[in-house]
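Dear colleague,

I am passing on a structure that you have not worked with before, and below it I set out what was found. Please have the sequence and the model open while you read.

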Amino acid sequence: MTSAAPDNSHDRAAALPKSWDPGVVEAEMYERWVGAGYFTADPGSGKPAYSIVLPPPNVTGTLHMGHALDHTLMDTLARRKRMQGYEVLWLPGMDHAGIATQNVVEKQLAADGKTKEDFGRELFVQKVWDWKHESGGSIQWQMRALGDSVDWSRDRFTMDDGLSRAVQTIFKRLYDDGLIYRAERLVNWSPELRTAISDIEVKHEDVEGELVSLRYGSLNDDEPHVVVATTRVETMLGDTAVAVHPEDPRYQKLIGTTLEHPITGRQIPIVADDYVDPEFGSGAVKITPAHDPNDFEIGVRHQLPMPTIMDERGRIAGTGTEFDGMDRFEARVKVRERLAEEGRVVAEKRPYIHSVGHSERSGEAIEPRLSMQWWVRVESLAKAAGDAVRNGQVAIHPASQEPRWFEWVDNMHDWTISRQLWWGHRIPIWYGPEGEVVCVGPDETAPEGWIQDPDVLDTWFSSGLWPFSTMGWPEATPELAKFYPTSVLVTGYDILFFWVARMMMFGMYVSEDAALTAGKAPGVPQVPFQDVFLHGLIRDQHGKKMSKSRGNGIDPLDWIRSYGADALRFTLARGAQPGGDLSVGESHALASRSFVTKLFNATKFALLNGAAPGELPSHASLTDADRWILDRLDEVLAEVDTAFDAYEFGKACEALYHFAWDELCDWYLELAKVQFAEEGARATTTRTVLGNVLDAVLRLLHPVIPFVTESLWQALTGGESVVVSAWPRRGTETADPVAARRIADAQRLITEIRRFRSDQGLADKQKVAATLIGLAEADLLALAPAVANLARLTEPGPDFSATAEVEVRLSGATVTVQVDTSGTVDLEAERKRLEKDLAAAQKELATTEAKLGNEAFLAKAPEAVVDKIKGRRDVAAAEVERIGARLTELGAK
């Protein structure tokens, strides 16, 4: 039985706007979703769990294209899983962003001529909290504009009470286990921010500098001396050795001796170290252990003194020279000038392009600096993170990223976690009057009169706990029992080694904690996430990385305002593949908007023609067109499911795009128009088929383009919301290859007739009389009305005279189309077209005959190649004969 079109289908079509205007509906629609509780997760649900934690954006941040890509992909996964019957938790939150946030507030104070010291630590921290409540978190309303289906009721902040408790808990456990310690080591130092910063906050840039070669030891060539080259002359004030390769014959006699420092006068040794490349420069390297990472390692190996020659602001200090008090860059010039006066500068190269690390926050060149800091001993933690991937507990997508993961975690250095800031989680270490040290846990109190360590923790420390701290750890909560481990982590491959590694290390460290294992299988460690999906970076339409300096960045909110959130999302998802970068530009957004518009117009057309989903008769009683589109829908659904399950968003979107545009809109809708014209059951069934296919397509597209699909699905089905509708399932009927072949042949026939009409200069809508010979042999008689309608052909009248003809080779036979173009065709244009085709055919004939007449070629060419050329020759000869005959006909007119 078929269902009749609902009486109110026209009313529903009329309820849709004349055209899709996303700016009018998106905000209201989103708030309706939130108000209805569609995104709120229920830990008491009996549904299977699916969970994602949002990589927490900085509280100071705004939505950029990288965020938009991240969020689009996560939202696609979350929405699809809800439709598949899962209880979905997509947990949002923000990072307190220690350096960035403190910097914002300090700049506001500086505008009033104040510093944080003018307020003191407690009052300054309160001012930061005030700023956070008033101005922080603008990214959250931007997330709403994008359509993020996050559970706002569980929004977390890395410094809220629960997460702060988690930070204190794990710090104390690590400290008590000997995995956190304090030591003087080399760090990335920001003189402007006056704190250590993490590796991820250092961006290396090529800069123009100078390479200065200077002379240690005697100025007399016959006496001991060494020439070294440096881009940072000022650091020579902290040199404590010169290193050479142990097998370099030039320096064998100098190894173990000392030379006088040209400025400080102290004796510094010549040491032998395999690190030195004897082929580079002079083969000798100055060693400044307190201000260069490689020099520090050499200093440790040779037990060299490590004097720090700069204070926290980057000024020369403690050298006992006239340079004390100078900024490092001023000292660079003054030290070089003094050395030049003494005749010790033997060469200068300017400009010298070299890579220099810069602070991502302040923009200044970072200073490697020996500093007393708190560290995490990472060896055992990193091994556990590596083993979790090796043993299959955690899968990385794409798998091609696994070697990079192992290279990182297997060679990880201890992690400096202390920052010289006031905003952040204060290190829970207290010092007694006699030098005693105690780590204070969340339920403990420091002894009276003791002083707390002034430093705060690296932001990555608290965000490393994100998957389980956001669900209530260290307490055993219903959320942890239901939703931990999380299902997938979605992030860019560029932070694989920073945030992902820290989450894995901390997650594996507490993997057997009672709060995480409650209700789980005994003895199975709980990883923080089961899958890691790594997408690439967004580049501009020319493949260049987006950056402020290039001016090629795109504000996603501009695209939302101009094209709608759906167009932005589809552009990003369509280009996303595991591990691959994607290029986007205005043309991509325009194409996506056109797709949304096409979908809107097609659905509105279907509604105006009474289309609605319903029960279908058996497959056998449907037309070829109906069976073909339903079979194709099943095939596309399988393709989309496979792609989404493999995180191949681009493949899923491509399949849906081409099915919806090329097959549903461009072909089935046109074929349906012919079937609508037939009275009775045929038209009714067509309306139901079209309704069913559109219903499925809108549901399949909803995770990627949620707004337009919601509006259209509600109008089509009268349902509550596509957000809570069921994910489509494949039909039970066996695919019909015969119907597929007939439709493919009909499409080819119609396409060739349209091309022929265009060549004849016929207007698109101009109808011409024609006969089609061979339809029965091609098994297309049932589709003859559709071919005629879509090709704009009419039945030949009594005065019909074929003036033009085209042959179309189909899978089973050749169909000849004879057209009466008298009075409609420009004979001269037709003659020119045929002459052009004749010239091409003659050229092909001459080329193939030349090859077949070449004895040397025939002697070497494989038989299959010769046969192929013979076939091309025969086709060309037939074309020359056919076109020649047609030109003769035209000549007689």
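How many residues does helix 20 (residues 624-645) have, and how far does helix 20 reach from its first C-alpha to its last? Please keep in mind throughout that this is a predicted model. Helix 20 has 22 residues and reaches 32 Å between those two atoms, close to the 32 Å expected at 1.5 Å a residue. Because 16 of its 22 residues are buried, helix 20 is largely enclosed by the rest of the structure. Just after helix 20 comes Tyr647, which takes a positive phi of about 60°.

Helix 7 (residues 161-176) can be read in a similar way: its 16 residues should span 22 Å at 1.5 Å a residue, and its end C-alpha atoms are 23 Å apart, which agrees. Among the buried residues of helix 7 are Leu163, Ala166, Val167, Ile170, Phe171 and Leu174, together with Ser164, Thr169 and Lys172. Just after helix 7, a positive phi of about 75° is found at Gly178.

Turning to the interior, the largest nonpolar core has 143 residues, and those with the most contacts inside it are Leu572, Tyr668, Leu690, Val693, Val697 and Leu749. Helix 21 (residues 649-676) supplies the largest share of this core, with 17 residues. A second, separate core has 64 residues, including Ile200, Val394, Met471 and Val527. As for Leu749, its contacts beyond four places in sequence include Leu772, Leu775, Leu780 and Val787, as well as Val808, Leu810, Val815 and Val817.

One helix pair deserves a separate look. Helix 3 (residues 65-83) packs against helix 18 (residues 565-574) with an angle of about 90° and with the axes 9 Å apart, and the two are therefore roughly perpendicular to each other. On the side of helix 3, the residues that meet helix 18 include Met65, Ala68, Leu69 and Thr72, while Leu568, Arg569, Leu572 and Ala573 take part from helix 18. The residues of this contact divide into seven nonpolar, two polar and three charged.

Finally, is Arg419, a residue of strand 17 (residues 418-419), buried or exposed? Its relative accessibility is 2%, under the 20% cut-off, so Arg419 counts as buried. Arg419 is in contact with Thr195, Ala196, Ile197 and Ser198, and also with Asp455, Val456, Leu457 and Asp458, leaving aside neighbours within four places in sequence. Ser198 lies 221 residues from Arg419 in sequence, yet the two are 9.2 Å apart in space, C-alpha to C-alpha.

With best wishes

Definitions and conventions
Residues are numbered from 1 along each chain as its sequence is written. This is a predicted model: local features need pLDDT of at least 70, side-chain atom pairs count only at pLDDT 80 or more; totals for chains, interfaces and linings use all residues. Side-chain values use heavy atoms; hydrogens and water are left out. A nonpolar core is a set of buried Ala, Val, Leu, Ile, Met, Phe, Trp, Tyr and Cys residues joined through side-chain atoms within 4.5 Å. Buried means under 20% relative accessible area, exposed over 50%, partly exposed in between (1.4 Å probe, protein chains only). Helices (H or I, at least four residues) and strands (E, at least two) are DSSP runs, numbered from the N terminus. Contact means heavy atoms within 4.5 Å. Axes are lines fitted to C-alpha atoms, for helices over the stretch in contact, and angles run from 0 to 180 degrees between N-to-C directions. Angles under 35 degrees count as roughly parallel, over 145 as roughly antiparallel, 65 to 115 as roughly perpendicular and the rest as oblique. Ala, Val, Leu, Ile, Met, Phe, Trp, Tyr, Cys and Pro count as nonpolar, Asp, Glu, Lys and Arg as charged, and the others, Gly among them, as polar. The expected span of a helix is 1.5 Å times one less than its number of residues.
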